Amino acid sequence: MTGGPSLPQHRKLVTAIPGPASLERLDRKKALVADGVGTTLPVFVAAAGGGVLVDVDGNSLIDLGSGIAVTTVGNAAPAVVARASEQLAAFTHTCFMITPYDGYVDVCAALARLTPGHHAKKSALFNSGAEAVENAVKIARVATGRDAVVVFDHAYHGRTNLTMAMTAKNMPYKNGFGPFAGEVYRAPMSYPLRDGLSGAAAAARAVDVIEKQVGAANLACVVIEPIQGEGGFVVPAAGFLPALASWCRENGVVFVADEIQAGFCRTGAWFASEEEGVVPDLITTAKGIAGGLPLAAVTGRAEIMDAVHGGGLGGTYGGNPVACAAALGAIEEMESHDLAGRAREIGALMRTRLDALKIAHPVIAEVRGRGAMMAIELTTPGTLEPDAERTARVAAYCHAQGVVVLTCGTWGNVFRFLPPLSISDELLQEGMDVVAEAFTATA
Ligand SMILES: Cc1ncc(COP(=O)(O)O)c(C=O)c1O
């Protein structure tokens, strides 16, 4: 079955969700795939594109998750398919560290052009977001000669040993997997719904913790998601990020923006850091960069990137030629269709719908986010007590009705909406209708 934007763009249920063909495959999955690899919505996908996923039973589901913020340009987007197919037929691998090729350098050129700041920039490419974050820390440590790393409450940076240490939430990411890497310290995040602090006050609180518990002289880098992803789409109060970035600059600390979930047009700009004019020293990217193929990058000030000795960065597959071709295709889609602008339109549509939903359902404590990265947080009405149980029931209803919604948050009480930017307004409105219906049906 061929996917891509030419798939019929509608929600169509021909069986219960999951249907019999998916259920049969689930038995096979249960027998062959490790139980630790979970599944949010157990339908097996046969094709996807535009704003839909089509399953093996022939159901067409509305995609409000983009495979966790990956298929930002849409599944099987034309320029991604064309460039990756051409590259597949030319060669699949040489290892860039053995014999280089243009695609890798072209992706680095695009990253130098598109990431915030006009300084000289260089990049190194990897396979996954976690690997990019690990390498950003390696680079910052060599560049500063210091060991310590500061991260924030509710942060998510990955599942490798160092990035588990950097991730805040225990279940399911860390439980039983320790001991974790050392020299990782956690500072309080700006979380306006829960702390009521201005950006400046929240930054002063974080800096105080850093200075008292770590000491600038020991600190290699501060790593922060400009809008937190798995932690609950927490948008820090205005001024928090710029204050942290300038404290880092004054203290010779490398400021790393983890834009793995928020970057590449998701928030209505190329990168979320741009909203407040923050220019990170290093920026980590992955997910949306390559339209679904595994690629990640660390991009940053040339003098910091070049601090590492020759041969110190790399990996067998990092910057695989097919993934690089896909990234160039994804960037072409973003530029030629002004997908940052489309993310802003999608954000406006979703905010209108979610604001109305909040008025009708006091269990929604807050609507937040930017562009096509929007969320609602559910609490017991009138309190900040997280309501994960209602969140799960609303999600189950949406799934049964053929709308793929994702939850997140330290307490599992946040819905995050991450539609592909190729979704039509009609489909997005229908997805939002089902979400609204789900709140009424579960009240
Ligand atoms: C902000 C952020 N950093 C890092 C990661 C880890 O990326 P990956 O799953 O590709 O290792 C994620 C993944 O969700 C993320 O959202």
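This passage describes the surroundings of the ligand and the state of two cysteines in a predicted model. Residues are numbered from 1 along each chain as its sequence is written, and side-chain values use heavy atoms, with hydrogens and water left out. Because the model is predicted, local features need pLDDT of at least 70 and side-chain atom pairs count only at pLDDT 80 or more, whereas totals for chains, interfaces and linings use all residues.

The shell around the ligand (residues with a heavy atom within 4 Å of it) includes Ser128, Tyr156, His157, Glu225, Asp258 and Lys287, and its members divide into three nonpolar, five polar and four charged residues, where Asp, Glu, Lys and Arg count as charged, Ala, Val, Leu, Ile, Met, Phe, Trp, Tyr, Cys and Pro as nonpolar, and the others, Gly among them, as polar. Among the polar contacts (pairs of N or O atoms within 3.5 Å), a ligand oxygen lies 2.8 Å from a backbone N or O atom of Gly129, and a distance of 2.8 Å likewise separates a ligand oxygen from a side-chain N or O atom of Gln261. Of the 390 Å² of accessible area that the ligand has on its own (Shrake-Rupley method, 1.4 Å probe), 83% is covered by the protein.

No disulfide, defined as a pair of cysteine sulfur atoms within 2.5 Å, is found in the whole structure. The sulfur of Cys95 is too far for a bond because the closest cysteine sulfur, in Cys324, is 12 Å away, and Cys95 is buried (under 20% relative accessible area, 1.4 Å probe, protein chains only) at 8%. For Cys265, the nearest cysteine sulfur, again that of Cys324, is 18 Å away, and Cys265 counts as buried at 0% relative accessibility.

Notes. A polar contact is a pair of N or O atoms within 3.5 Å; within protein, one must be able to donate a hydrogen and the other to accept it, and residues adjacent in sequence count only if both atoms are side-chain atoms. Buried means under 20% relative accessible area, exposed over 50%, partly exposed in between (1.4 Å probe, protein chains only).
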